[in-house]
Amino acid sequence: MKNLQQYQTYLINLDRADERLKLMENEFKKCQISYERISAVDAKILDLSTYKVKNKYDRNLVPGEIGCYLSHVKTLETFIASENEFALIIEDDAILSDDFKSAVENSLSNYHKLPTKDQWDVLKLFNGKRKHIKIADIDEKYIIAACGTSIPITTIAAIWTRKAAEKFLNKIKRPLPTIQRPIDCDLQHAWEFDLRIYNLLPSVVKPAPVETQIQIDRSLRKSKFPRQIQYELNRLFPKYFYLINHHGFKKFYESFIAKKNELIK
């Protein structure tokens with residue numbers, strides 16, 4: 001088993017977001033967690049020479065989404081430059097469970113005990129209410145689970161392995177970070193990065209009741225219908241092939257039917 005000192009907690013926080021920093025300082029203090037603050041890329045002062053956009057999303061991207069994406073890239077680069085094996089990356093609007101630290105460290109302790117085929121690349125710590133496929137027990141309370149039909153669309157908190165960070169950065173940096181979608185939507189296309197993205201359940205974080213810093217014009221929220229259809233069609237078969245390939249047809253089918261029945265109710 002690897003030394004648990006080989007993980008670092010990174011907090012993504014805008015320099016002007018003082019109240020959010022205070023929120024997270026209190027959360028980390030509650031859980032006795034030390035962290036490294038990453039100064040987030042400010043959408044108000046984006047440097048167009050430092051990134052490219054090759055949009056594959058169902059609407060135009062907004063500056064806040066670009067800033068968020070680049071902030072995660074910056075955090076992963078900081079992680080890679082360290083000697084840590086894992087990175088716990090948290091955005092500054094997270095409420096942590098009281099047992100957050102022990103749940104995270106138990107998950108890391110169990111990582112090398114998992115069969116190679118079940119070792120995750122990214123472990124998301126907030127799942128919402130999505131259906132899941134159980135992979136392994138962590139303890140009496142927590143399990144490692146795969147997404148049943150779709151990866152959660154959030155980057156509020158997750159653990160990355162070094163290998164995952166390297167694969168993701170190598171894929172998007174050509175040579176500048178090339179942004180195709182918002183970061184959470186990009187990670188829903190896990191097959192593009194050869195990543196195995198799992199969840200720790202039940203969730204150990206929840207969103208704080210604060211206003212979003214990613215402002216999206218109302219006109220953009222209503223994406224053009226043909227563009228939205230094309231977006232979903234482009235990922236339909238790769239998504240299901242990815243899920244079936246990782247978990248087998250039987251488990252995927254059971255999860256798919258459970259999701260379908262839930263929608264019917």
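**Buried residues and enclosed spaces**

Reader: Why is Cys 185 called buried?

Author: The model you see is a predicted one, and in it Cys 185 has a relative accessible area of 2%. Buried means under 20%, so Cys 185 earns the word.

Reader: What makes Cys 68 buried?

Author: The reasoning uses the cut-off of under 20% again. Cys 68 has a relative accessible area of 17%, which is under that limit, so Cys 68 counts as buried.

Reader: How many disulfides does the rule give?

Author: The count is 0 disulfides. To be counted, a pair of cysteine sulfur atoms has to lie within 2.5 Å. The rule looks for a particular kind of link: a disulfide is a covalent bond between the sulfur atoms of two cysteines.

Reader: Where does Gln 180 lie, and is Gln 180 buried or exposed?

Author: You will find Gln 180 in the loop that runs between β10 (178–179) and α5 (183–187). Its relative accessibility is 7%; because buried means under 20%, Gln 180 is buried.

Reader: Which residues is Gln 180 in contact with, leaving aside neighbours within four places in sequence?

Author: The list includes Lys 54, Asn 55, Lys 56, Tyr 57 and Leu 61. Arg 174, Asp 186 and Glu 192 are also in contact with Gln 180.

Reader: What joins the side chains of Gln 180 and Glu 192?

Author: A polar contact of 3.5 Å joins them. The cut-off for a pair of N or O atoms is within 3.5 Å, so this pair just qualifies.

Reader: How many cavities of 30 Å³ or more does the structure hold?

Author: There are 3 of them. The largest encloses about 70 Å³ of space, and the second largest about 50 Å³.

Reader: Which residues line the largest cavity?

Author: Its lining is made up of His 72, Ile 89, Val 122, Lys 124, Thr 154, Thr 155, Ala 158, Trp 160, Ile 183 and Leu 187. Two or more of the lining residues come from each of β6 (122–124), β9 (157–161) and α5. By class, the lining has 6 nonpolar, 3 polar and 1 charged.

Reader: Which helix gives the most to the lining of the second largest cavity?

Author: That is α7 (residues 225–247), with 4 residues. Among the lining residues of the second largest cavity are Arg 235, Lys 239, Tyr 242 and Leu 243. Cys 147, Ser 150, Ile 151, Gln 188 and Trp 191 line this cavity too. The lining of the second largest cavity divides into 5 nonpolar, 2 polar and 2 charged residues.

Terms used:
Residues are numbered from 1 along each chain as its sequence is written. This is a predicted model: local features need pLDDT of at least 70, side-chain atom pairs count only at pLDDT 80 or more; totals for chains, interfaces and linings use all residues. Side-chain values use heavy atoms; hydrogens and water are left out. Buried means under 20% relative accessible area, exposed over 50%, partly exposed in between (1.4 Å probe, protein chains only). A polar contact is a pair of N or O atoms within 3.5 Å; within protein, one must be able to donate a hydrogen and the other to accept it, and residues adjacent in sequence count only if both atoms are side-chain atoms. Contact means heavy atoms within 4.5 Å. On a 1 Å grid over the protein atoms alone, a cavity is a set of points where a 1.4 Å probe fits but cannot get out, and a pocket is an open set with protein on both sides within 12 Å along at least five of seven lines; lining residues have an atom within 4 Å of a point. Grid points are joined across faces, edges and corners, and a volume is the space filled by probe spheres set on the points. Ala, Val, Leu, Ile, Met, Phe, Trp, Tyr, Cys and Pro count as nonpolar, Asp, Glu, Lys and Arg as charged, and the others, Gly among them, as polar.
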